[in-house]
Structures are given as structure tokens and as C-alpha cells.
Amino acid sequence: MADAAFSDPLAWRTVKAPSLEELEVIAATAFGRLPPEFRALCEGLIIRVEDFPADDVLDEMGVENEFELLGLFQGVGLPFQSESAPVQMPNMVWLYRRPILDYWAEHDETLGAIITHVLVHEIGHHFGLSDDDMESIERAAD
């Protein structure tokens, strides 16, 4: 490793994994880089970051390992929204910090790219977008 940051092991003493708040900032920045027409679908979307999904979420999803779920969309996707429906809670995307960091540690992708991917896919599936549509949105955010 020729990079100077790797040549001095003591240089890493102060480097820490992003906190919940720092990951929220990264997610907000990633969301802001998405194409405007995609963000327009998400009016009022709330992005939240927690270390892990709640136990009831894992049970509902049938997920046994808390590290398997990187994110979750909660709300009513565009195909299911109706003006006559009762007042709904706002749409939310949950990002799970520890599973995302674990995934990051095991793959050759930047943290920003992983967060963008999770955001686009959580939002996209619930808005009825195809995988090709979502890949195009991710490419536009680069």
C-alpha cells in the first residue's frame, strides 16, 4: 500500500466509524444528489438512522440476523396513495448504521455509494420502480 495514510498505522488512531448523526448527514447529502424528479416523488420523506432495526421489524420481515437488513421503507408508496385515504404518517426510510458499516467493511464500495444504493432501493421498490430504473437513478447521482 503506497498511500501515505496506510504507511503510518498511528495515523488511524483517531479514525472512527460514523456516528448516527454523521450517517444522517451522509444520507441527506446522498439524497440531495439524487435526480430532482426522483426526489419530487419523495415529498415529505423522512430519513432516519438507527443502529439496528427494532425487534418487531425483524420479526415482521422474518429476518433472523439483525445485520441482514440495511434499510427499510415505511409508509404508503405512490401506487397505493389516495386522496380519500385517512391521514397517514409521513413516508420514512430507515437506514441501519451497524449493518451498513458491516456491509461496507466487507465490500469494495464507498460508504456514500452504499447509502445511496439503500436509499434508492428502499424508496424505489415502494414507488413501483424497476431495478433498471433504480440503477439509472443511482448512476445519475454519481
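## A tour from the sheet to the helices

From the N terminus on, the elements of the protein chain run α-α-α-β-α-β-β-α-α-α. That comes to 7 helices and 3 strands. The model is predicted.

**Whole chain.** Start with everything shown. The protein chain has 142 residues, and buried residues make up 35% of them. Now turn on contacts with a separation of 6 or more. Residues 24 or more positions apart account for 67% of these contacts.

**The sheet.** Select 46-50, 71-74 and 92-96. These are β1, β2 and β3. The 3 strands form an open sheet, in the order β1-β3-β2, with mixed pairing. β1 and β2 are the edge strands, and each pairs on one side only. On average, neighbouring strands of this sheet are turned by 20° against each other, direction ignored. Bring in α2 as well. This helix packs on the sheet and touches β1 and β3. The direction of α2 makes about 150° with that of β1.

**Strand β3.** Keep residues 92-96 and show the side chains. How many residues of β3 are buried? The count is 5 of the 5, so the strand is largely enclosed by the rest of the structure. Check each face in turn. On one side sit M92, W94 and Y96. On the other sit V93 and L95. Both faces are covered, and the residues named on the two sides are all buried.

**The pairing on either side of β3.** Strands of a sheet pair through backbone hydrogen bonds, either parallel or antiparallel. Which sense does each partner of β3 take? β1 and β3 pair in the parallel sense over 5 bridges. β2 and β3 pair in the antiparallel sense over 4 bridges. To step through the register, select I46 with M92 of β3, which stand opposite each other. Next pick R48, whose bridge partner in β3 is W94. Then cross to β2: L72 stands opposite W94. W94 therefore faces R48 of β1 as a bridge partner, and L72 of β2 stands opposite W94 too.

**Strand β1.** Select 46-50 with side chains. In a regular strand the side chains alternate between the two faces of the sheet. β1 shows the alternation. I47 and V49 point to one face and are buried. I46, R48 and E50 point to the other face and are not buried.

**Helix α2 against helix α6.** Select 20-32 for α2, and add α6. The two axes come within 9 Å and cross at roughly 65°. That makes α2 roughly perpendicular to α6, because angles of 65 to 115 degrees count as such. The crossing is right-handed. Color the contact next. From α2, take L23, I26, A27, A30 and F31. From α6, take L111, G112, I115, T116, L119 and I123. By class, the residues of this contact divide into 9 nonpolar, 2 polar and no charged.

**T116.** Stay on α6, where T116 is found. Is T116 buried or exposed? At 12% relative accessibility T116 counts as buried, because the cut-off is under 20%. Show what surrounds this side chain. Not counting residues up to four places away in sequence, T116 touches A30, L34, E138 and A141.

**Helix α5 against helix α6.** Select 97-106 and 111-126. The axes of α5 and α6 come within 10 Å and cross at roughly 130°. That makes α5 oblique to α6. This crossing is right-handed. On the α5 side, highlight I100, L101, Y103 and W104. On the α6 side, highlight L111, I114 and I115. By class, this contact has 7 nonpolar, no polar and no charged residues. Look back at the α2 selection: L111 and I115 of α6 were in that contact, and L111 and I115 are in the contact with α5 as well.

**Last stop, D142.** Go to the segment after α7 (131-141), where D142 lies. How accessible is D142, and what is the relative accessible area? D142 is exposed, with a relative accessible area of 74%. Finally, draw a distance between the C-alpha atoms of D142 and A113. The two residues are 29 residues apart along the chain, and the separation is 8.3 Å.

Terms used: Residues numbered from 1 in each chain as written. Predicted model: local features only at pLDDT ≥ 70, side-chain atom pairs only at ≥ 80, totals over all residues. Heavy atoms only, no water. Axes fitted to C-alpha atoms, helices over the stretch in contact; angles between N-to-C directions. Parallel < 35°, antiparallel > 145°, perpendicular 65-115°, else oblique. Left-handed = near helix turned anticlockwise from the far one by under 90°. Contact = heavy atoms within 4.5 Å. Nonpolar A, V, L, I, M, F, W, Y, C, P; charged D, E, K, R; others polar. Buried < 20%, exposed > 50% of the residue type's maximum accessible area, 1.4 Å probe, protein only. Pairing = 2+ DSSP bridges.
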